[in-house]
Amino acid sequence: MVRRNEVRRAAPVDAAIEVPARDGARGLTFRAVDIEAAVPLGAASDCFSSRDDLLTQAGARVYERLRPDEETVARQRAAGKDREAYAGIMREVVSRIAAFRTGHLALLELRLEATRRPEPRTVLTERVQADVEADVRHHEGPGLHGDATAVKLLHLVPDWLIVDQLTLPDVFTPGERDRLVTAAVERIVTDER
């Protein structure tokens with residue numbers, strides 16, 4: 001059972017994702033979060049200790065919402081160990097991220113804000129490093145082809161593809177996006193372990 005405070009807290013944190021996705025990181029204020037979350041004015045200041053806390057909690061919530069469900073994880077683990085299976089996993093990841101448009105746009109805004117503010121920079125750096133390390137472990141565990149460098153390259157390649165999809169959606173069709181992800185896997189992941 002979800003506690004009532006957790007549900008009440010989720011609305012301002014989710015609003016803290018929507019505001020920067022729409023208005024940019026500079027538009028992310030306690031008042032804007034209160035209005036977006038449709039809560040009484042001043043509620044956000046009860047949830048967040050500072051603007052940096054607001055930024056970091058919004059970033060953490062995006063990652064929480066991007067996490068695949070148990071069924072997806074099980075399906076990925078059951079997939080083969082060849083490049084075709086790896087490409088399928090990558091296409092699913094790109095599609096899942098692109099489907100959460102406001103989340104990824106908010107992350108882009110938070111990354112830009114991190115260039116100016118040390119606390120969000122520290123939190124996002126730690127989070128992305130942890131994600132890359134987890135991707136490498138996930139790749140090496142079942143004995144997939146390629147090495148840690150291939151995994152890191154495949155972490156980088158879809159990022160800009162997703163940015164294009166979210167900001168300039170007519171650059172590549174969804175079919176082209178899938179073909180580009182497949183081509184990246186085929187060219188980066190070697191048959192060697």
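**Notebook: Phe30, a helix pair, salt bridges and Ala38**

I looked up Phe30 and recorded it as partly exposed, with a relative accessible area of 28%; buried means under 20%, exposed over 50% and partly exposed in between, with a 1.4 Å probe and protein chains only. I note that the model is predicted, that local features need pLDDT of at least 70 and side-chain atom pairs pLDDT 80 or more, and that totals for chains, interfaces and linings use all residues. Residues are numbered from 1 along each chain as its sequence is written, and side-chain values use heavy atoms, with hydrogens and water left out.

**Surroundings of Phe30**

I placed Phe30 in helix α2 (residues 30-37); helices (H or I, at least four residues) and strands (E, at least two) are DSSP runs numbered from the N terminus. I then listed its contacts (heavy atoms within 4.5 Å), leaving aside neighbours within four places in sequence: Ala44, Ser45, Phe48, Ser50, Arg51 and Leu54. I also looked up Ile17, 13 residues from Phe30 along the chain, and found the two C-alpha atoms separated by 12 Å.

**Ala38**

I looked up Ala38 in the loop between α2 and α3 (43-47). Its phi is positive, about 55 degrees, although Ala38 is not a glycine. For context, most residues other than glycine have a negative phi. I entered Ala38 as exposed, at 69% relative accessibility.

**Helices α7 and α9**

I examined how helix α7 (residues 101-114) packs with helix α9 (residues 148-167): the angle is about 115 degrees and the axes are 10 Å apart. The axes are lines fitted to C-alpha atoms, for helices over the stretch in contact, and angles run from 0 to 180 degrees between N-to-C directions. I therefore classed α7 and α9 as roughly perpendicular to each other, the term for 65 to 115 degrees (under 35 is roughly parallel, over 145 roughly antiparallel, the rest oblique). I recorded the crossing of α7 past α9 as left-handed, meaning that the near helix is turned anticlockwise from the far one by less than a right angle.

From α7, Arg101, His104, Leu105 and Leu108 meet Ile162, Val163, Leu166 and Thr167 of α9. By class I noted five nonpolar, two polar and one charged residues in this contact; Ala, Val, Leu, Ile, Met, Phe, Trp, Tyr, Cys and Pro count as nonpolar, Asp, Glu, Lys and Arg as charged, and the others, Gly among them, as polar.

**Salt bridges**

I searched the whole structure and found eleven salt bridges, each a side-chain nitrogen of Lys or Arg within 4 Å of a carboxyl oxygen of Asp or Glu.

I looked up Asp14 with Arg65, whose closest N and O atoms are 3.3 Å apart. This pair links distant parts of the chain, Asp14 being in helix α1 (residues 4-23) and Arg65 in helix α4 (residues 51-66), 51 residues apart. Arg65 is partly exposed at 36% relative accessibility.

I next entered Arg96 with Glu92, at 2.9 Å between the closest N and O atoms. These two are four residues apart in helix α6 (residues 83-99), so about one helical turn separates them. Glu92 is partly exposed, at 21% relative accessible area.

I then recorded the bridge between Arg127 and Asp131 (3.3 Å, N to O). Both lie in helix α8 (residues 118-140), four residues apart, about one turn of the helix. I noted Arg127 as partly exposed at 29% and Asp131 as partly exposed at 21%. Finally, I traced a network in which salt bridges sharing partners join Arg51, Asp52, Glu113, Arg116 and Arg117.
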